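Subject: Structure for your files, with notes

Hello,

Here is the structure I said I would pass on. My notes on what was found in it follow below.

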Amino acid sequence: MHTVEIVLLVLLLGALTGIVARYMRAVPLPLIQIALGALIAWPQKGLHIAFDPELFLLLFIPPLLFADGWRIPKREFFALHRPILKLALGLVLFTVIGLGYVIHWMIPTMPLTVAFALAAVVSPTDAVAVSAITRNLGMPEKTMHVLEGESLLNDASGLVALKFAIAATLTGLFSWAEVTRTFLWMALGGLGVGAAIGWGFAYARSTITRRLGDVAATQMVLLLVLLPFAAYLVGEKIGVSSILAAVAAGIATNFADLERSSFISERLQTEGTWSMVEAAFNGAIFLLLGLQLPSIIGASLREAGHDAWILVGYVAAISGALLLMRWAWISLGVQGSLARAHHQGKMAERPSHLLNLATTLAGIRGAVTLAGALSVPMLLNDGQPFPGRDMLVFLATGTILFTLVLGSIALPLILRHLPPPGESPTVREERLARIAACQSAMADLVISDEAIQAHTPEWVAMRQEAMGRLTQEYRNRINLLDDGTGIATSTEAQRESPEMVRQRKQRYVAEIELRLHCIQRERTTLYAERQAHRINDESLRSLVSELDLQEVSMGKRLRAARRAAGMAAQD
């Protein structure tokens, strides 16, 4: 099968499995995609794709890490930097050394440097896998931010450790001073390169759009999609961490976006484009991972014959030791930082043994681990086979599956027993921000003396009537968002009984539902007008796009209104 056909097939399967996952809510989407990939590749005449680690890292990882860096809340990322760095740096070093010795003790035929290489491969969590598995499981909000920050940064430390473990195997030489210098150069250099490229793009974009306005939105979004590849390739060329370069470019671009509130078309296109890119590339990654399983795991188990259970035991033992070390590091080395963050108000959830266990099981390994394992060279410098390479690849792949399956099964059970979080800090912030925006808009609904003098009395009367209607609508929204803490400015709302407040909020919900129904009726009528040839396609697209934007806005307002009224969300 040609490369183009393979790409199209993988994208098609990614889309179809996303639809299937809507019907199989109990099974995480990554597991469905991995299982489908393995099923397709298992027969002798099935789909077999040669896995090029460098090409894989270049094509799939940069845009996904860029998107994660762009989306992650920066305030929480910097506020929780202590636990994030302890997990991203300290835990990786602890795992490489501790797990390396455990592997060498358990498999004496594997040289110690190769055992360190295997430990380095499985030490970093995978940002894509962590987000895909834990996003919809109800993980506490701030803990999720810590996990996302850890997975964004620990690739650099894990890959540096892998590089030096391979070098020690090839040359027999090792230097802690050289490791430290190289790590600092790769990490800080990658962050610097990515930030410079991100800010450089933002400056050029601002200069261009200052003259052209929002008319170049499509071209700017295309350049933004290409930006993570540019950061990754420049990082590779210079010799720094290309993964951190893509992450830093995403963070820098997000900061620059805070100054672009008026570019509506670009913002809407950017959100839609990145949602599609993430869905397509996430699906491709897990499908490709599944496609490799028969050739890696199946072949190794067949070669082992009756001793196959020993290999499975190695996978279980290494995965168990990996998670045990993670739990110990979180409980002994990170819990203090998490407790301080909780007391300082940076984390709503209080650290507990149950939360530590959930954080441990959320340390899922993914495609980066497989790419790192397959990047181990086939031969030594003298032409001899790299010792234990096939075993290393098999054990790394088995660890990926073990952590994915265990996390998918155990995490929902554990999270179900965590204490109810109450109102999410983000939900409360959104509510207060909505109130502030409404109050600001109300304060701006005035007619200046100059405007009164410059216009006719009829114009002033119409303006005041319109302002009165808008002011009343904003008051209704503020009263709906008020939780009884005195935020609302309406004295009438403060005099109402709790039952009257509940009824008023439910009436507001009913009003929004009616507005949505009317918008949908308008759209149906417009399509009927087109089918009757009373308008053309261009007019239909223009009119329907207006209604679509209204419905999206009303839909978000309806969800917020239902939460405020204490009503169950309805999709």
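A residue is called buried here when its relative accessible area is under 20%, exposed when that value is over 50%, and partly exposed in between. By that rule, buried residues account for 46% of the 571 residues in the chain. Please keep in mind that this is a predicted model.

Overall build

The chain has 22 helices and zero strands. Its C-alpha trace spans about 95 × 60 × 45 Å along the principal axes.

Salt bridges

Side chains of opposite charge can pair when their charged atoms come close. Searching the whole structure gives 17 salt bridges. Three of them are described here.

One salt bridge joins the side chains of Glu 271 and Arg 71, at 3.6 Å from N to O. Glu 271 belongs to helix H12 (residues 264-304) and Arg 71 to helix H3 (residues 53-71), so this pair ties together parts that are 200 residues apart in sequence. Glu 271 is partly exposed, because its relative accessibility is 38%. Arg 71 is partly exposed as well, at 34%.

Another salt bridge is made by the side chains of Lys 142 and Glu 76, with 2.8 Å from N to O. Here, too, distant parts of the chain are linked: Lys 142 is in helix H8 (residues 141-171) and Glu 76 in helix H4 (residues 74-79), 66 residues apart. How do these two stand with respect to the surface, buried or exposed? Both Lys 142 and Glu 76 are buried.

The third example is the salt bridge between Glu 465 and Arg 469, whose closest N and O atoms are 3.2 Å apart. Both sit in helix H19 (residues 457-481), and because they are four residues apart, about one helical turn separates them. Arg 469 is exposed, since its relative accessible area is 54%.

Which residues are joined into one network by salt bridges that share partners? They are Arg 75, Glu 76, Lys 142 and Glu 429. The Lys 142 and Glu 76 bridge described above lies between two members of this network.

Aromatic pairs

The structure holds seven aromatic pairs. One of them is formed by Tyr 101 and Phe 116, which meet edge-to-face, with 5.3 Å from centre to centre and 85° between the planes. Tyr 101 lies in helix H5 (residues 81-106) and Phe 116 in helix H6 (residues 112-122), so the two are in distant parts of the chain, 15 residues apart. The two rings fall into separate accessibility classes: Tyr 101 is partly exposed at 47%, whereas Phe 116 is buried at 19%. Elsewhere, ring pairs link Phe 56, Phe 60 and Phe 281 into a cluster.

Surface patches

A nonpolar surface patch of about 670 Å² is made by Leu 12, Leu 16, Ile 19, Val 20, Tyr 23, Met 24 and Val 27. Leu 12 belongs to helix H1 (residues 3-23). With a relative accessibility of 47%, Leu 12 is partly exposed.

There is also a positive surface patch, formed by Arg 82, Lys 86, Arg 340 and Lys 346. Where is Lys 346 placed? It is in the loop between helix H13 (308-343) and helix H14 (353-361). Lys 346 has a relative accessible area of 33% and is therefore partly exposed.

Two C-alpha distances

Ala 443 is part of helix H17 (residues 425-443). Its relative accessibility is 58%, so Ala 443 counts as exposed. Its C-alpha atom is 9.1 Å from that of Thr 471, a residue 28 positions away along the chain.

Glu 141 is found in helix H8, the helix that also holds Lys 142. Glu 141 is partly exposed, with a relative accessible area of 23%. Between the C-alpha atoms of Glu 141 and Gly 100, which are 41 residues apart along the chain, the separation is 33 Å.

Regards

Key. Residues numbered from 1 in each chain as written. Predicted model: local features only at pLDDT ≥ 70, side-chain atom pairs only at ≥ 80, totals over all residues. Heavy atoms only, no water. Patch = residues over 30% accessible without salt bridge, like charges linked within 9 Å, V, L, I, M, F, W, Y side chains within 5 Å. Areas by Shrake-Rupley, 256 points an atom, 1.4 Å probe, with all protein chains shown as cover. Salt bridge = Lys/Arg side-chain N within 4 Å of Asp/Glu carboxyl O. Lys, Arg positive; Asp, Glu negative; His and termini not counted. Charge placed at Lys NZ, Arg CZ, Asp CG, Glu CD. Buried < 20%, exposed > 50% of the residue type's maximum accessible area, 1.4 Å probe, protein only. Phe/Tyr/Trp six-rings, centres within 6.5 Å; stacked < 30°, edge-to-face > 60°.
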